[in-house]
Amino acid sequence: MSTPELRTLTRVTPVITGELKGKIDRVWDAFWSGGISNPLEVIEQITYLLFIRRLDDIQTLAEKKARITKTDVASPVFLPGQAHLRWSQFKNASPEVMHQTIADEVFPFLRSLGAAPDRGT
């Protein structure tokens, strides 16, 4: 004797809907119109932007802590003269200025992070 197989119908609900989907579509369109159509390249570029933003967040948190404790910033990510490399500084620049800043200054800065053990990152 065999028992009848129970089948359950499950509804698959999209994970990304509404406003978030619209934002993702706008980002994808921006990359596409800028000449980047490979999804892996898009993910790579977004990863770089998120990373530099996170570095800026870390620096901002360290600055707040230093202000509260009335001490110097411990292990600063950005040294004096590098404020223009911070996400908070270039995020509202024109696309041309942002591209030039990232390509000519931010990427070399990121490469230098791995080569400079005294930077604290």
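## The largest pocket

About 730 Å³ of space lies in the largest pocket of this protein, a pocket being, on a 1 Å grid over the protein atoms alone, an open set of points where a 1.4 Å probe fits, with protein on both sides within 12 Å along at least five of seven lines. Grid points are joined across faces, edges and corners, and the volume is the space filled by probe spheres set on the points. The lining of the largest pocket is made up of 18 residues, of which Phe31, Gln45, Leu49, Met98 and Ile102 are the closest to its centre; a lining residue has an atom within 4 Å of a point.

At least two lining residues come from each of α1 (18-33), α2 (39-69) and α4 (95-115). Sorted by class, the lining holds 14 nonpolar, 3 polar and 1 charged residues, where Ala, Val, Leu, Ile, Met, Phe, Trp, Tyr, Cys and Pro count as nonpolar, Asp, Glu, Lys and Arg as charged, and the others, Gly among them, as polar.

## The model and its overall build

The model is predicted, so that local features need pLDDT of at least 70 and side-chain atom pairs count only at pLDDT 80 or more, while totals for chains, interfaces and linings use all residues. Residues are numbered from 1 along each chain as its sequence is written, and side-chain values use heavy atoms, with hydrogens and water left out.

The protein has 4 helices and 0 strands, and from the N terminus on its elements follow the order α-α-α-α; helices (H or I, at least four residues) and strands (E, at least two) are DSSP runs, numbered from the N terminus. Of its 121 residues, 20% count as buried, a word that stands for under 20% relative accessible area, with exposed meaning over 50% and partly exposed in between (1.4 Å probe, protein chains only). The protein exposes about 9800 Å², and carbon and sulfur atoms supply 59% of that area, which is computed by the Shrake-Rupley method with a 1.4 Å probe. Among contacts with a separation of 6 or more, 46% join residues that are 24 or more positions apart, a contact meaning heavy atoms within 4.5 Å.

## Helices α1 and α2

The 16 residues of α1 should span 22 Å at 1.5 Å a residue, and the end C-alpha atoms of α1 are indeed 22 Å apart; the expected span of a helix is 1.5 Å times one less than its number of residues. Just after α1, Gly35 takes a positive phi of about 100 degrees.

Helix α2 has 31 residues and reaches 45 Å from its first C-alpha to its last, close to the 45 Å expected. Its buried residues are Val42, Ile52, Leu55, Asp56, Gln59 and Ala66, and these residues pack against α1, α3 (87-90) and α4. Gln59 has a relative accessible area of 4%, and it therefore counts as buried; leaving aside its neighbours within four places in sequence, Gln59 is in contact with Pro76, Val77, Phe78 and Arg86.

## The loop between α2 and α3

Lys70 is found in the loop between α2 and α3, and Ser75 is found there too. Although Lys70 is not a glycine, it has a positive phi of about 55 degrees, and Ser75, which is not a glycine either, has a positive phi of about 50 degrees. Lys70 is exposed, with a relative accessible area of 75%, whereas Ser75, at 48% relative accessibility, counts as partly exposed.

## Two buried residues of helix α4

Leu110 lies in helix α4 and is buried, with a relative accessible area of 14%. Not counting residues up to four places away in sequence, Leu110 touches Tyr48, Phe51, Ile52 and Leu55. The C-alpha atoms of Leu110 and Tyr48 are separated by 9.3 Å, and the two residues are 62 residues apart along the chain.

Thr101 also has its place in helix α4, where it is buried with a relative accessible area of 12%. With residues up to four places away in sequence again left out, Thr101 touches His84, Phe90 and Val106.
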